[in-house]
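The following exercises concern cavities and aromatic ring pairs in a protein model. Each task is followed by a solution in steps.

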Amino acid sequence: MGQEQQIWRYAFASAMVTISTLGFGRMSYGILMPFIKESLSLTYEQAGLLGTSTSIGYLGMVFFVGIFATKWGSKRLVILGTLLVACGLLYLSWITSYLTCLAGMVLIGIGTALTYTPLVNIVVGWFPQQRGMMIGFLASGIGIGTLISSSLIPLFTTWFSISGWRYLWLLFGLISLLSALVAQIILRDPPIPLCRTAKKDDSLLRGVYLHKGVLLVAIIYGFIGFAYLIPQNFLFSFILEARIDRYSAGQIMALGGFMSIFSGPLWGTISDKIGRKKSLLITLFLGAIAMLIPIIFPVRFGFLISQFLWGITIVGMLSLIQASSTEQIHPSYAPIALGYVTVYFAVGQLLGPGLGGWMIDHFGGIPSALLLCDGLLLLAFLLSTQLNKEVAKERMILKRVHDSSESEELKLNKY
């Protein structure tokens with residue numbers, strides 16, 4: 001099988017998994033939340049905590065995923081995680097209270113943690129020269145899942161009235177089972193390169209966890225995680241509060257989901273050409289502008305422009321920071337590094353929806369939460385200006401050592 005055909009097979013399988021785990025399991029909650037909130041009589045703070053509970057499950061597992069992947073293989077974790085998400089989605093279609101919903105959201109968080117990092121490891125391991133593009137395709141599942149949720153929720157609430165969200169969770173669970181089957185058929189564990197340059201006394205502590213480049217990426221990823229679930233959980237409700245009907249609101253959210261399908265592959269391909277740092281800075285700046293627009297112009301046109309910009313940048317932003325984490329160190333440490341930086345991302349996700357919901361209830365509504373999102377993205381932008389400096393220093397040192405070794409070898413050969 002040719003390289004190009006193999007790329008498209010892996011891109012398809014990866015997108016299927018992320019549609020189920022991130023698109024349905026994580027991102028669709030914000031779109032279904034107003035209907036779940038009404039059905040279960042929840043406050044905004046409780047609704048935000050449900051989003052946070054998924055991050056708790058994610059955070060509790062993600063730190064160990066890179067280590068699990070190196071021991072048991074990435075494919076096994078991808079299949080297990082997708083099946084757990086499927087079980088969580090099917091379970092959510094039967095919930096009757098806040099506490100039962102909480103348990104289902106935690107299960108989805110655990111499943112997502114077991115899936116995403118190993119999946120990135122698989123595509124980066126097989127296609128290192130196209131890592132930006134491949135991570136972009138993988139992350140496009142977020143947009144496809146959001147698009148599907150946005151498009152179907154008005155129909156399901158029309159067909160099934162107040163129980164429409166339950167039938168949608170049921171459908172998502174069945175699709176997730178299919179995604180696990182597709183991953184089982186197509187995906188294979190990548191070959192793991194050996195780190196010949198590493199010294200025997202190198203440890204994960206020095207090689208990954210305290211590596212300056214990895215730490216910088218981790219902190220940036222944490223701010224992005226803090227920010228990006230806030231609009232995902234509350235923007236749909238903000239559109240409804242602006243007296244826009246639910247069908248138009250669904251179309252506005254669907255625009256963001258549609259654009260985000262192209263966001264990952266677009267920015268991944270761009271970054272393979274102009275560099276991760278430049279591409280990340282552009283996406284962070286556009287993302288901050290996108291969240292400022294609906295605060296200033298809370299009308300249909302403002303929401304449309306906001307969702308267009310947010311959709312075309314958010315998935316690219318996530319895929320760029322993930323690709324950056326795998327480039328800071330040797331490929332043999334890549335899954336551990338990605339799992340480690342994702343811990344910071346998960347901590348950010350843990351804080352975002354809960355704090356956002358609390359601010360909405362106590363500090364002037366949803367615009368206050370969107371302003372928080374803006375501030376966090378700008379902090380990530382400032383930190384991203386420092387990317388690659390430590391890596392550049394290390395590469396310069398390695399080049400000097402390499403040139404020195406070649407010079408000595410030439411002298412020896414001469415004599």
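**Exercise 1.** State in which helix Tyr-340 and Tyr-344 lie, and classify the geometry and burial of this ring pair.

*Solution.* Tyr-340 and Tyr-344 both belong to helix α12, where they are four residues apart, about one turn of the helix. The model is a predicted one. The next step concerns the rings: the centres of Tyr-340 and Tyr-344 are 5.4 Å apart and the planes stand at 80 degrees. Planes over 60 degrees apart count as edge-to-face, so the pair is edge-to-face. The last step concerns burial, for which the cut-off is under 20% relative accessible area. Tyr-340 has 10% relative accessibility and therefore counts as buried. Tyr-344, with a relative accessible area of 27%, is partly exposed.

**Exercise 2.** How many aromatic pairs are counted, and what is the geometry of the pair formed by Phe-24 and Phe-172?

*Solution.* The count comes to 15 aromatic pairs. In the pair of Phe-24 and Phe-172, the distance is 3.9 Å centre to centre, with 5 degrees between the planes, and the pair is stacked. This pair links distant parts of the chain: Phe-24 is in helix α1 and Phe-172 in helix α6 (residues 164-186), 148 residues apart. Both Phe-24 and Phe-172 are buried. Elsewhere, ring pairs join Tyr-10, Trp-126 and Phe-127 into a cluster.

**Exercise 3.** Describe the largest cavity by its volume, its lining and the helices that supply the lining.

*Solution.* There are four cavities of 30 Å³ or more. The largest cavity holds about 140 Å³ of space. It is lined by 18 residues, and those closest to its centre are Met-27, Thr-146, Gln-232, Trp-310 and Ile-314. Helices α5 (131-160), α8 (212-241), α9 (246-274) and α11 (300-327) each supply at least two lining residues. The largest share, six residues, comes from α11. Sorted by class, the lining of the largest cavity has 10 nonpolar, eight polar and no charged residues.

**Exercise 4.** Which residues and elements line the second largest cavity, and what classes do the lining residues belong to?

*Solution.* About 80 Å³ of space lies in the second largest cavity. Its lining includes Arg-26, Tyr-58, Tyr-116, Tyr-221, Tyr-228, Gln-322 and Phe-345. Two or more lining residues come from each of α1 (3-40), α8, α11 and α12 (334-362). By class, eight residues of this lining are nonpolar, two are polar and one is charged.

Key: Residues are numbered from 1 along each chain as its sequence is written. This is a predicted model: local features need pLDDT of at least 70, side-chain atom pairs count only at pLDDT 80 or more; totals for chains, interfaces and linings use all residues. Side-chain values use heavy atoms; hydrogens and water are left out. On a 1 Å grid over the protein atoms alone, a cavity is a set of points where a 1.4 Å probe fits but cannot get out, and a pocket is an open set with protein on both sides within 12 Å along at least five of seven lines; lining residues have an atom within 4 Å of a point. Grid points are joined across faces, edges and corners, and a volume is the space filled by probe spheres set on the points. Ala, Val, Leu, Ile, Met, Phe, Trp, Tyr, Cys and Pro count as nonpolar, Asp, Glu, Lys and Arg as charged, and the others, Gly among them, as polar. Rings of Phe, Tyr and Trp (its six-membered ring) pair if their centres lie within 6.5 Å; planes under 30 degrees apart count as stacked, over 60 as edge-to-face and the rest as tilted. Buried means under 20% relative accessible area, exposed over 50%, partly exposed in between (1.4 Å probe, protein chains only).
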